[in-house]
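Good morning, everyone. I would like to take you through one protein structure, from its sheet to a few unusual places in its backbone.

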Amino acid sequence: MAGPETLLGLDIGTTKVAAVIGRRGPRVRLLGAASVPCSGLKRGIVVDVPETTKAIREAVTKAQRTAGVELEAAWVGVTGQHISSLNSRGHVQLPRSNRQVSWPDVERVMAAAVNAVSIPPDRQMIHAISRGFTVDDEPRVRNPVGLSASRLAVETHVITASRNLVENVTKCVDQAGIGVAELVAEPLATADAVLTEDEGELGVLLIDVGGGTTDLALFLEGSIALTGAVPAAGNNITHDLAVALGVTHPAAEQIKLAHGCARAALVPAEEMISLPDEDEERSISRRFVAEVIEARVQETFRLVAQEMSRLGDRWPPPGGAVLTGGGSLLPSIAPVARDILGCRTRLGRPRLGAGRVELLDSPSLATGVGLVYYAQREAESRRAEPRHGLRVVPILGRVIAWVRELFST
Ligand SMILES: Nc1ncnc2c1ncn2[C@@H]1O[C@H](COP(=O)(O)OP(=O)(O)OP(=O)(O)O)[C@@H](O)[C@H]1O
Ligand SMILES: [Mg+2]
């Protein structure tokens, strides 16, 4: 199968559905995008199917109008705390008669690595990514096909998602009248849009500060080493403000967007702001607003640091941390992250290549853009290796093997 010519990335987030459309080619070209508010998800879980379906339909229709193309299927992001990942190892002996590594050998060794992990019945594997092959005693081989060897081993990163989550997301996309081409773990897609290959090689932590969750993807030595999420993000900040100021959530969100700052010390003590939507004029100190925000931002990055503490002395990676997602637009968030994580921190917007779609120049669209890049690579690899369920999709220049067709149940 050659795969579709137009690629649709669908990011079903906690606060919005983003649809991004690109055209496949030697280099993907971004053609259109739309983002529609959606409250059908809570922390990455679908809680309202009709609302989510409606938002998907609306976002896709709008994006299609700007792109002026027909669509076949979507690459759909799966995220939230219901993604989990672990690393596993597999090895096989090569037959004496033929000691040149072939695609079926790669499939066998990937299968061995996946079978070595026990996936509970309520979870489903969505990716098995090779982190590097060992060919006889030679480690860190990216693609072993064609090499002569008697023994082949692989390190994989296996990403699983809750079966219910996958089914509900698929249901919403189906009901919106769109086919699902693939489900993609969102941190992988976002990494594709935001990180440089160099950062991947050095080692880097990608932090996507969304509405419901802060998603993490750690790359070490050019391959994915950890994916995960912490349950604190933009919506928690808004909620804290609503409680602290005694205002509604929409008013708190408005205050955050207009006056928010993650470093209270940078806000002059005498600066006052007036509260929106109040019957009587009421003003409050902007520094107080920043203090509320700073506390939650600090807590969020402490949770991230706690996740990273499992890495021991491999933390922090030389490439530091890259912040993206809508929450990364909060002024001064990067220095607060830097202080808590103890590494250099930059803000990441999606790379747009030849595309000139204005809306896309926002960290909130990084996942949608990344899904299109992922789709492009995946579609190209299908063309290169049409007979195998296992495909080679480069992420940050490294090979990843996709084995859904082999192992999906
Ligand atoms: N300028 C800004 N300042 C502060 N926060 C902002 C700004 N712009 C957007 N946000 C926050 O970013 C969050 C939404 O980010 P994003 O669009 O990445 O989330 P999402 O993808 O819908 O959610 P998730 O990834 O958790 O499922 C909201 O909490 C919003 O308030
Ligand atoms: Mg998101």
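Let me begin with a term: two strands are said to pair if DSSP finds at least two bridges between them. Please keep in mind that we are looking at a predicted model.

With that term we can turn to strand β6, residues 73-78, which runs parallel to β11 and is joined to β11 by six bridges. Within this pair, alanine 74 stands opposite valine 180 of β11.

Both strands belong to an open sheet of five strands, ordered β3-β2-β1-β6-β11, with mixed pairing. Why do β3 and β11 each have one side without a neighbour in the sheet? They stand at the edges, β3 at 29-37 and β11 at 179-185, and each has a single partner strand, so one side is left free of a neighbour. On average, neighbouring strands in this sheet are turned by 20° against each other, direction ignored.

Two helices should be added to this picture. Helix α3, residues 163-175, packs on the sheet and touches β1, β6 and β11; the direction of α3 makes about 145° with that of β6. Helix α4, residues 186-194, lies across β1, β6 and β11 and runs at about 80° to β11.

Next, the interior. The largest nonpolar core has 112 residues, and Ala19 and Val20 have the most contacts inside it. Which residues does alanine 19 contact, leaving aside its neighbours within four places in sequence? They are Leu8, Leu10, Ala33, Ala34, Ala59, Val60, Ala63 and Gly368.

I now move to a pair of helices. Helix α8, residues 286-308, packs against helix α9, residues 333-341, at an angle of about 45°, and their axes are 9 Å apart. The two helices are therefore oblique to each other, and α8 passes α9 in a right-handed crossing. Among the residues that meet here are Phe301 and Val304 in α8, and Ile333 and Ile340 in α9.

Finally, the backbone. Most residues other than glycine have a negative phi, and most peptide bonds are trans. Tryptophan 315 and proline 316, however, are joined by a cis peptide bond, with omega at about -5°. Proline 316 is placed in the loop between α8 and β17.

Aspartate 136, in the loop between β8 and β9, has a positive phi near 50°. Is aspartate 136 buried or exposed? It counts as partly exposed, because it has 15 C-beta neighbours inside 10 Å. Arginine 140 lies in strand β9 and also has a positive phi, of about 60°.

Thank you for your attention.

Definitions and conventions. Residues numbered from 1 in each chain as written. Chains lettered and ligands numbered in written order. Predicted model: local features only at pLDDT ≥ 70, side-chain atom pairs only at ≥ 80, totals over all residues. Helix = DSSP H or I, 4+ residues; strand = E, 2+ residues; numbered from the N terminus. Axes fitted to C-alpha atoms, helices over the stretch in contact; angles between N-to-C directions. Contact = placed C-beta atoms within 7 Å. Core = buried A, V, L, I, M, F, W, Y, C linked by C-beta atoms within 7 Å. Buried ≥ 20, exposed ≤ 12 C-beta atoms within 10 Å, placed from the backbone. Parallel < 35°, antiparallel > 145°, perpendicular 65-115°, else oblique. Left-handed = near helix turned anticlockwise from the far one by under 90°.
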